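Biologist: I am new to this structure and should like to be guided through it by questions. May we look at it together?

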Amino acid sequence: MRLSHIISISAVGTSTVLAQNNATGQLGDATVTTNNPPGKGAIATLPEQAFWQGSLDGNVKGFVSAKSGSGGSGVDYEVFFSNLPKEGGPFIYHIHVAPVPENGNCTSTLAHLDQFIRGEDPSCDSSRPESCQQGDLSGKYGKISSDPFRASFHDPYTSLVEGEGAYFGNRSVVFHFNNKTRISCANFAVINVNSSTPAPYPSNSGGAAGTGSVPTTPAPTSTSIVQIDAAAGLSILKNLLIVPVVAGFLALM
């Protein structure tokens, strides 16, 4: 190989690295979010049915949970996934701009959350997370390479302030093969992490679409939602109605 060819190949490789390191959005790097409401959180739990129709041993299980960061700066995340496909990893996951429709079509979630118009290429440089798409969580904080997989991290560039471009409470999470094929997806549901009470933001329920309900996998206690189904509630109500009747009967004895 001629020296000129070696120099040419080296120059191409160097320019590629520089392009990745210098990548930023058309509107610049992502900015740190502030004023995130104390006690506000969001959780997205994958549904029982997978969107991808290939060979799986049931759907991937797991959730992405989030809450306002200390002092309202950024967002703290806890992520858990298990029952991963046997092939196609390491797996990736992102916040997408649109919610999952009732039919569970993950394609309808559109592209990644990308307020600063950065785009997917070149790939995210995890050493400069501010230069990445805001929704590229696995690009910034690590792909899914173990089963089960658990991760906790602080992201300064997403928001729980409704109305801001970085807000994700009305968006979704999509779980992908490494080649970006969409396996499963779920909507975020906004919650109050102090009282464990869901906020009044509507989310899909049932069907193939994921929800913000309590996952069957172990969820963080700070963002767990206590639910009572209709049958349990009716039983409790009946018991409460019987108490005064019994008390009155005992008074007559």
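Biologist: Is Ala50 buried or exposed?

Modeller: In this predicted model, Ala50 is placed in the loop between β1 (40-45) and β2 (61-68). Its relative accessibility is 18%, and the cut-off for a buried residue is under 20%. Ala50 therefore counts as buried.

Biologist: Which residues is Ala50 in contact with, leaving aside its neighbours within four places in sequence?

Modeller: Ala50 and Arg182 are 132 residues apart in sequence, while their C-alpha atoms are 9.3 Å apart in space. Contact itself requires heavy atoms within 4.5 Å. With neighbours within four places in sequence left aside, the contacts of Ala50 are Leu56, Asn59 and Ile183.

Biologist: What pattern of helices and strands does the protein chain follow along the sequence?

Modeller: The protein chain has 3 helices and 9 strands. Of its 253 residues, 42% count as buried. Read along the sequence, the pattern is α-β-β-β-β-α-β-β-β-β-β-α.

Biologist: Among contacts between residues at least 6 apart in sequence, what percentage join residues at least 24 apart?

Modeller: This value concerns the protein chain and sets aside pairs that are not at least 6 apart in sequence. Among the contacts that remain, the share joining residues at least 24 apart is 66%.

Biologist: Which cysteines are joined to Cys106 and to Cys124 by disulfides?

Modeller: The structure holds 2 disulfides, and bonded cysteines counted along the chain give the pattern 1-4, 2-3. In one of them, Cys106 in the loop between β4 and α2 is linked to a residue of strand β7 (residues 182-187), 79 residues apart. Each disulfide has an S to S distance of 2.1 Å. The partner of Cys106 is Cys185, and the partner of Cys124 is Cys132.

Biologist: Is the link of Cys106 and Cys185 left-handed or right-handed, and what is the handedness of the link of Cys124 and Cys132?

Modeller: Both Cys106 and Cys185 are buried, and Cys124 and Cys132 are buried as well. The angle about the S-S bond is -90 degrees for Cys106 and Cys185, and 80 degrees for Cys124 and Cys132. The link of Cys106 and Cys185 is left-handed, and that of Cys124 and Cys132 is right-handed.

Biologist: Which side chains are joined to the side chain of His94 by polar contacts?

Modeller: His94 belongs to strand β4 (residues 92-96) and, with a relative accessibility of 4%, counts as buried. Beyond four places in sequence, His94 is in contact with several residues, including Gly135, Asp136 and Ser172. Two polar contacts of its side chain have lengths of 3.2 Å and 3.1 Å. The partner in the 3.2 Å contact is His112, and the partner in the 3.1 Å contact is His176.

Biologist: Which residues lie nearest the centre of the second largest pocket?

Modeller: The second largest pocket has a volume of about 260 Å³. The elements that give two or more residues to its lining are β4 and α2. The lining has 16 residues, and those nearest the centre are His94, Ser123, Cys124, Asp136 and Lys180.

Biologist: How many residues of that lining are nonpolar, polar and charged?

Modeller: The classes apply to the lining of the second largest pocket, of which Asp136 and Lys180 are among the residues nearest the centre. Its residues divide into 2 nonpolar, 8 polar and 6 charged.

Biologist: Which side chain makes a polar contact with the side chain of Gln133?

Modeller: Gln133 lies in the loop between β4 and α2 (137-141), and at 6% relative accessibility it counts as buried. Not counting residues up to four places away in sequence, Gln133 touches several residues, among them His112, Arg118 and Lys140. The polar contact, 3.2 Å in length, is with the side chain of Asp114.

Biologist: Which residues are joined to Pro90 and to Pro148 by cis peptide bonds?

Modeller: Pro90 is in the loop between β3 (75-82) and β4, and Pro148 is in the loop between α2 and β5 (149-155). Omega is about -5 degrees for the bond to Pro90 and near 5 degrees for the bond to Pro148. The residue joined to Pro90 is Gly89, and the residue joined to Pro148 is Asp147.

Technical notes
Residues are numbered from 1 along each chain as its sequence is written. This is a predicted model: local features need pLDDT of at least 70, side-chain atom pairs count only at pLDDT 80 or more; totals for chains, interfaces and linings use all residues. Side-chain values use heavy atoms; hydrogens and water are left out. Helices (H or I, at least four residues) and strands (E, at least two) are DSSP runs, numbered from the N terminus. Buried means under 20% relative accessible area, exposed over 50%, partly exposed in between (1.4 Å probe, protein chains only). A polar contact is a pair of N or O atoms within 3.5 Å; within protein, one must be able to donate a hydrogen and the other to accept it, and residues adjacent in sequence count only if both atoms are side-chain atoms. On a 1 Å grid over the protein atoms alone, a cavity is a set of points where a 1.4 Å probe fits but cannot get out, and a pocket is an open set with protein on both sides within 12 Å along at least five of seven lines; lining residues have an atom within 4 Å of a point. Grid points are joined across faces, edges and corners, and a volume is the space filled by probe spheres set on the points. Ala, Val, Leu, Ile, Met, Phe, Trp, Tyr, Cys and Pro count as nonpolar, Asp, Glu, Lys and Arg as charged, and the others, Gly among them, as polar. A disulfide is a pair of cysteine sulfur atoms within 2.5 Å.
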